[in-house]
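Before reading the questions below, please look over the chain and its fold. Each answer works through a short chain of reasoning and closes on the value or name asked for.

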Amino acid sequence: MPAADVEVSADLVRRLLADQHPDLARLPVAFLANGWDNELYRIGEELLARLPRRALGAQIITNEQRWLPGLAPRLPLPIPYPERTGVPGCGYPYPWSVVPYLPGVPAAQASWFDPAQAAAAVGGFLGALHVPAPADAPANPFRGIPLAERAGTFAAGLALLTGQAGQDQADWDAVRRVQDAALAAPGYDGPPVWLHGDLHPANILVNDGQVSGVIDFGDITAGDPASDLSVAWMLLPPGCHARFWSAYQAAGGAGGRAGGALRVRARGWALNLAIVFLAHSEDNPVLCEVGRRTLRTVLENPR
């Protein structure tokens, strides 16, 4: 995890709230979690403060503040859209947000969830999300792009992993066949659609065995929906994929069409992300395990 550019603390959150949202200042504040770009603090029982810990996170927060309030009302699952916004203050240099607290645990860490319900819920969510985006939607050089543009990243990750314990040469031959098929599939020729940008099991919440929300829209962008749709292989067993695609199409995803080329590209994205997680998550066992499960599902599900 990269080092923070600024120090964020519960005391800082209290001071920012007192200065900018005084009606919230008496609520208890407690650290919840931090990622690469942001730190999260509980505010009472129903809210979270989301504060960038790096300069890069400031642009992420700005994108969320601009776009998520308009997207949230038409999505069938809750998302942490900014209910309130904050500006630099109290010595803190970045914009920040107050978002609703969504109950649940990441699917990647859940002891169990209903895969059939998850297939319908996540497929329907993506079908509703994947509508044409405006021309000024946030750009992202890593998601929504042609898969060929990730060839260098894929090759570098594969080089790190080839020969490691637990994988044999036949596995890597199969990996290369999936990659070749994805690169050979017809490219996306539709309008750029809204994308979550980083949809994997650690960003899908589960509560009482049911998918209850989708979090972390920091990579929100527009482009080819295949990168988001890779979540089918990352989250679900193959037996639930048909239900996922049916829900996606019924919700209007890909204009109500989700043909073979889109699915082949999505599978290629799942493979690419599995390789990234396996090659670069030595300090994150949750994502490393997501990578293992995704690679296994991709290779066990040839169609």
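The questions and answers that follow concern a predicted model, and they take up a sheet, a helix and some salt bridges.

Q: In the open sheet formed by three strands, which are the edge strands?
A: The three strands of this open sheet follow the order β6-β8-β9, and their pairing is antiparallel. An edge strand pairs on one side only, and this holds for β6 (105-106) and for β9 (210-214). The edge strands are therefore, since each pairs on one side only, β6 and β9.

Q: Which residue in β8 is the bridge partner of Pro106?
A: Strand β6 is joined to β8, residues 204-207, by two bridges, and these strands run antiparallel. Within that pairing, the residue of β8 that partners Pro106 is Leu205.

Q: About what angle does the direction of helix α3 make with that of β9?
A: Helix α3, which spans residues 115-129, packs on the sheet and touches both β8 and β9. The direction of α3, set against that of β9, makes an angle of about 25°.

Q: Why do the buried residues of helix α1 lie on the same side, and what arc do they cover?
A: In helix α1, residues 10-20, the buried residues are Ala10, Leu12, Val13, Leu16 and Leu17. They lie on the same side of α1 because the arc they cover around the axis is only 155°.

Q: Which residue in β2 stands opposite Ala30?
A: Strands β1 (29-34) and β2 (38-43) are included in what covers the buried residues of α1. Five bridges join β1 to β2 in an antiparallel arrangement, and a hairpin of three residues connects them. Opposite Ala30, in β2, stands Arg42.

Q: How far apart are the closest N and O atoms of Asp173 and Arg176?
A: Both Asp173 and Arg176 lie in helix α5, residues 169-184, where they are three residues apart, about one turn of the helix. Asp173 is partly exposed at 34% relative accessibility, and Arg176 is partly exposed as well, at 33%. The two form a salt bridge in which the closest N and O atoms are apart by 3.8 Å.

Q: Which residue of helix α10, four residues apart from Glu289, meets Glu289 in a salt bridge?
A: Glu289 forms a salt bridge with Arg292, at 3.2 Å between the closest N and O atoms, and these two are three residues apart in helix α10, residues 285-300. A salt bridge of 3.9 Å, N to O, also involves Glu289, and its partner lies four residues apart in α10, about one turn of the helix. That partner, partly exposed at 25% relative accessibility, is Arg293.

Note on methods
Residues are numbered from 1 along each chain as its sequence is written. This is a predicted model: local features need pLDDT of at least 70, side-chain atom pairs count only at pLDDT 80 or more; totals for chains, interfaces and linings use all residues. Side-chain values use heavy atoms; hydrogens and water are left out. Contact means heavy atoms within 4.5 Å. Axes are lines fitted to C-alpha atoms, for helices over the stretch in contact, and angles run from 0 to 180 degrees between N-to-C directions. Buried means under 20% relative accessible area, exposed over 50%, partly exposed in between (1.4 Å probe, protein chains only). The arc is that of the directions from the helix axis to the C-beta atoms. A salt bridge is a side-chain nitrogen of Lys or Arg within 4 Å of a carboxyl oxygen of Asp or Glu.
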